[in-house]
Number of protein chains: 6
Amino acid sequence: MSTEQHFTHFTEDGRPVMVNVTGKDTTKRTAIAETTVKMKATTRESIVQQAIKKGDVLAVAQLAGIMAAKKTSELIPLCHHVPLHHVSLTLTFQSQEEGSDISRLHIECHVETSYQTGVEMEALTACSVAALTVYDMCKAIDRGMEITDTRLVYKAGGKSGVFQAIST
Amino acid sequence: MSTEQHFTHFTEDGRPVMVNVTGKDTTKRTAIAETTVKMKATTRESIVQQAIKKGDVLAVAQLAGIMAAKKTSELIPLCHHVPLHHVSLTLTFQSQEEGSDISRLHIECHVETSYQTGVEMEALTACSVAALTVYDMCKAIDRGMEITDTRLVYKAGGKSGVFQAIST
Amino acid sequence: MSTEQHFTHFTEDGRPVMVNVTGKDTTKRTAIAETTVKMKATTRESIVQQAIKKGDVLAVAQLAGIMAAKKTSELIPLCHHVPLHHVSLTLTFQSQEEGSDISRLHIECHVETSYQTGVEMEALTACSVAALTVYDMCKAIDRGMEITDTRLVYKAGGKSGVFQAIST
Amino acid sequence: MSTEQHFTHFTEDGRPVMVNVTGKDTTKRTAIAETTVKMKATTRESIVQQAIKKGDVLAVAQLAGIMAAKKTSELIPLCHHVPLHHVSLTLTFQSQEEGSDISRLHIECHVETSYQTGVEMEALTACSVAALTVYDMCKAIDRGMEITDTRLVYKAGGKSGVFQAIST
Amino acid sequence: MSTEQHFTHFTEDGRPVMVNVTGKDTTKRTAIAETTVKMKATTRESIVQQAIKKGDVLAVAQLAGIMAAKKTSELIPLCHHVPLHHVSLTLTFQSQEEGSDISRLHIECHVETSYQTGVEMEALTACSVAALTVYDMCKAIDRGMEITDTRLVYKAGGKSGVFQAIST
Amino acid sequence: MSTEQHFTHFTEDGRPVMVNVTGKDTTKRTAIAETTVKMKATTRESIVQQAIKKGDVLAVAQLAGIMAAKKTSELIPLCHHVPLHHVSLTLTFQSQEEGSDISRLHIECHVETSYQTGVEMEALTACSVAALTVYDMCKAIDRGMEITDTRLVYKAGGKSGVFQAIST
């Protein structure tokens, strides 16, 4: 372990704290996170069919994600409450390999604010809750769905600067 | 799409609803879910070192998961509020391949109750929030962590009976 | 004032309390409430047009109503937390008089459970929050909208028996 | 429909979003909303009598309204969390026509802040929850009460300027 | 330390859990807790004077306590969510020694339910939040107030039977 | 009663309000609060023993306190929502008199922000909920524990300036 590494959420003597952001600059903060829900191809078809009939799984999940972003500081113990300026989510089925019986729903969340700490956790929480909502609404027909590759894609603002995930 | 497939969370005319559980039996319900946090091997070392010094990332994450299980119905729009009888989480580092620079933290949550609907979402939500909390506490040293393979492992109770995930 | 009239939410000496339901029977409880959002006819057209383009004001309001039903006991100080078995909302534009520039969106909520106290407040709260959500989403184009005639339509279950509003 | 009309809560392709307020000015924002609870004249008498005996329906409703204003962003899906500088509610019985058996309780809420978006929804939500609380506390003696004419009375601040409802 | 002593909130290997109440009997559960707010005698006078003018510190505190009882499981990490049947609080100034410049406000909370676990934490939480609310409302005139002797007075129901505090 | 004394949380005519902070300066605000949990000496030994085995009562209580600080405005009716910059809690057993069978756990909370109103209530709420969590986790072995001397130790910032409790 590099001796430079340290956790910001612990005091010198090892007690968890909510980091002091008093000295930090208020700057524009952006974060983009993503996740993927793996499901049966037939589940995808059901979701698409249902949306045509008006009951839209993805619309419910999207709203759940936006509302969860606002609840992040209640869920993550040492997270600051950050007033959010903007939250948007997109849910898109990835193009599918011919004959595959697995479909992938890609969820991406974009959060923006102007504050003394970043909004990575808000973006990741929104993605996770949107994915869990898809699971909830489809579990009666596909209990084996998996949520994978939940990760930060991009962040900007603050002292640590820009982070860009290596695309895979 | 099989014509038998249908979503329980939509009405005949496609409107989302909270499923009517009035006619369902109150039976013992169990659910086990899991997820994995992929991180740098050096991040694992930092977590382990920090725990020795008293600041325990895994203890914070575990508590966050238990508390999130109780908030599931606030996060997942069409989920019933289920009074939970038992919630426990375990967080364990998987044995690591020699020389690998990737470590895997396995999170498993076990939820139990006696009610008219199951607790799969509570177990999945607890796992997800515990994983997000690990991300939050370690992000200053490893922003590239990924949360993967969030899934239901087992459920029992209710009309749909036992579900057991195929181990991978 | 009839001397028989009394408030159940106050003690003999006038202190507010959460009514003791220990002695009450657990029976099936149903409540139906309604409300109406009055808006410009052009606002109605915008809502309908937008829904065709996929952004559905009514779908967002419906979900907000369902989620609010679950939060009723957090909002209404002396209300018991009642685990709900079923919540559904319908939002329908009323047929409009020729040439009128006022449209009416009718919102109805149906709640069901089996408990020691009724679910009137849950149905009324769901209607109100759904209506407020319509206001929020349309306020940029019609700040003069009004929410009217929020009332209980029907309730059954419990010692006080069936209530049926006089239709108007 | 005027082609200028558009919903701020949807993206170009019709997806609901939390509007981006990053570019908006932080200015003083004021909103006043109102609602009315229609009840039997005997219910009014009971409320007034009870207040004399110390149990004050209106005091409970007023507090519920203030607390609800703080919860607005949890209830209205696309509403920003706005830190409020001031919330006050007044609840007043309107002067009553001789011999009428209907009484009207007028509720008005005034909210103020300095932020990048307005507080109309906070004022409207406070009024609605105060009215619902009156319903809850009086429902045992008057289940037919109605909540009517919930509307924005006045708002100031922000790019859209001042709005003043036409008095009726 | 007696070898019989053990914590119910930890597993054998020392991990915190939400205790499994599946095997426990559903019985009537009662808990009474109390606390005391010590303040200047002049603060007491101000509270009493203010109540005469209609603004009642004790009424606000009482309501805050009742609402907090319903939130207990959100505040205490390993506490079960228990649906409460009854909550009441009394706030009474203790008779004061002649010439003393210290007044004592006694707060007592009574909670009742029928469930598989007790309601001690609900009663204690309600007392604490009522006392904190008194502090909040009077802090501008008496910042040195103290909250003391918060304790369980009585509990009944469940396997551990009746507990009665030794009066002091 | 000094005629200068007045409650900031009431209007001229005695109605409770959320104080208008619009005119107040945004300055650095600090608050330190404390409380004490009195318990049997054997309970202290159990807590210490359990921590060695990994299950740490004090760690759970500390986290509960931090999370409660963020919930203060939901619990205290007329409290503003204040975005917090920093929260930390310390829990320390006081040195014990020889032969005494009473132990005292001292809890101190430090909160900091930059806002138009102070954070005394946040610090006091965090202390109270941390103490209640200790009670919850130890109640199976010591139901007679008491929470005492909850008070503000220090505050700075804002027009009313510095407050320093008289040490006892």
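Author: A helix here is a DSSP run of H or I at least four residues long, and helices are numbered from the N terminus. With that in hand, Met121(A) can be placed: it lies in helix 4 of chain A, residues 120-138. The model under discussion is predicted.

Reader: How many helices and strands does chain A have, and in what order do the elements run?

Author: Chain A has 4 helices and 5 strands. Read from the N terminus, the order is β-α-α-α-β-β-α-β-β. Along the principal axes, the C-alpha atoms of this chain occupy a box of roughly 55 × 35 × 25 Å.

Reader: What share of the residues in chain A is buried?

Author: A residue counts as buried when its relative accessible area is under 20%. By that cut-off, 64% of the 168 residues in chain A are buried. Contacts in sequence terms complete the picture: of those in chain A between residues at least 6 apart, 72% join residues at least 24 apart.

Reader: Which residues does the UniProt annotation "binding site" cover?

Author: The annotation comes from an unreviewed UniProt entry and covers Leu78(A), Cys79(A), His80(A), Met121(A) and Glu122(A). Such annotations may be inferred rather than shown by experiment. These residues span 45 residues in sequence, yet no two of their C-alpha atoms are more than 12.9 Å apart, so they gather at one spot.

Reader: Where in chain A is His80(A) placed, and is His80(A) buried or exposed?

Author: His80(A) sits in the loop that joins helix 3 (72-75) to strand 2 (86-93) of chain A. Its relative accessibility is 5%, and it therefore counts as buried.

Reader: Which residues does His80(A) touch?

Author: Contact means heavy atoms within 4.5 Å. Leaving aside residues up to four places away in sequence, His80(A) touches Met18(A), Val19(A), Val21(A), Ser73(A), Thr117(A) and Glu122(A), together with Leu84(F) and His85(F). Glu122(A), one of these partners, is also covered by the "binding site" annotation.

Reader: Is Met121(A) buried or exposed, and which residues does Met121(A) touch?

Author: Met121(A) is buried, its relative accessible area being 2%. With residues up to four places away in sequence again set aside, its partners are Thr72(A), Ile76(A) and Cys79(A), along with Leu132(B), Tyr135(B), Asp136(B) and Lys139(B). Among the annotated residues, then, His80(A) touches chain F and Met121(A) touches chain B.

Reader: How is the size of an interface often given, and what area do chain B and chain A bury between them?

Author: The size of an interface is often given as the accessible area lost when the parts come together. Chain B and chain A bury about 5,200 Å² between them, with 65% of that area on carbon and sulfur atoms. On the side of chain B, Phe7(B), Leu132(B) and Arg143(B) lose the most area to chain A, together 13% of what that side buries. The contact joins 60 residues of chain B to 60 residues of chain A.

Reader: How many salt bridges are counted between chain B and chain A, and how many residue pairs are in polar contact?

Author: The count is 6 salt bridges, and 10 residue pairs are in polar contact across this interface. One of the salt bridges pairs Lys71(B) with Glu74(A), whose closest N and O atoms are 3.0 Å apart.

Reader: Which elements of chain B supply at least two residues of the side that touches chain A?

Author: They are helix 1 (41-52), helix 2 (57-70), helix 3 (72-75), helix 4 (120-138) and strand 4 (146-156) of chain B. Helix 4 of chain B gives the largest share, 12 residues. By class, this side has 27 nonpolar, 17 polar and 16 charged residues.

Reader: What area do chain C and chain E bury between them?

Author: They bury about 1,600 Å², 54% of it on carbon and sulfur atoms. In chain C, Arg15(C), Met18(C) and Pro77(C) lose the most area to chain E, together 36% of what that side buries. The contact takes 19 residues from chain C and 17 residues from chain E.

Reader: How many salt bridges are counted between chain C and chain E?

Author: The count is 1 salt bridge. Glu74(C) forms it with Lys71(E), and the closest N and O atoms are 3.9 Å apart. In addition, 12 residue pairs are in polar contact across the interface of chain C and chain E. Helix 2 of chain C, residues 57-75, gives the most to the side of chain C that touches chain E, with 3 residues. That side has 11 nonpolar, 6 polar and 2 charged residues.

Reader: How far apart are the nearest C-alpha atoms of chain B and chain D?

Author: They are 10 Å apart, and chain B and chain D do not touch. Chain C and chain F do not touch either, their nearest C-alpha atoms being 10 Å apart.

Conventions:
Residues numbered from 1 in each chain as written. Chains lettered and ligands numbered in written order. Predicted model: local features only at pLDDT ≥ 70, side-chain atom pairs only at ≥ 80, totals over all residues. Heavy atoms only, no water. Buried < 20%, exposed > 50% of the residue type's maximum accessible area, 1.4 Å probe, protein only. Buried area = accessible area lost by both parts, 1.4 Å probe. Salt bridge = Lys/Arg side-chain N within 4 Å of Asp/Glu carboxyl O. Polar contact = N/O pair within 3.5 Å; in protein donor to acceptor, adjacent residues only side chain to side chain. Nonpolar A, V, L, I, M, F, W, Y, C, P; charged D, E, K, R; others polar.
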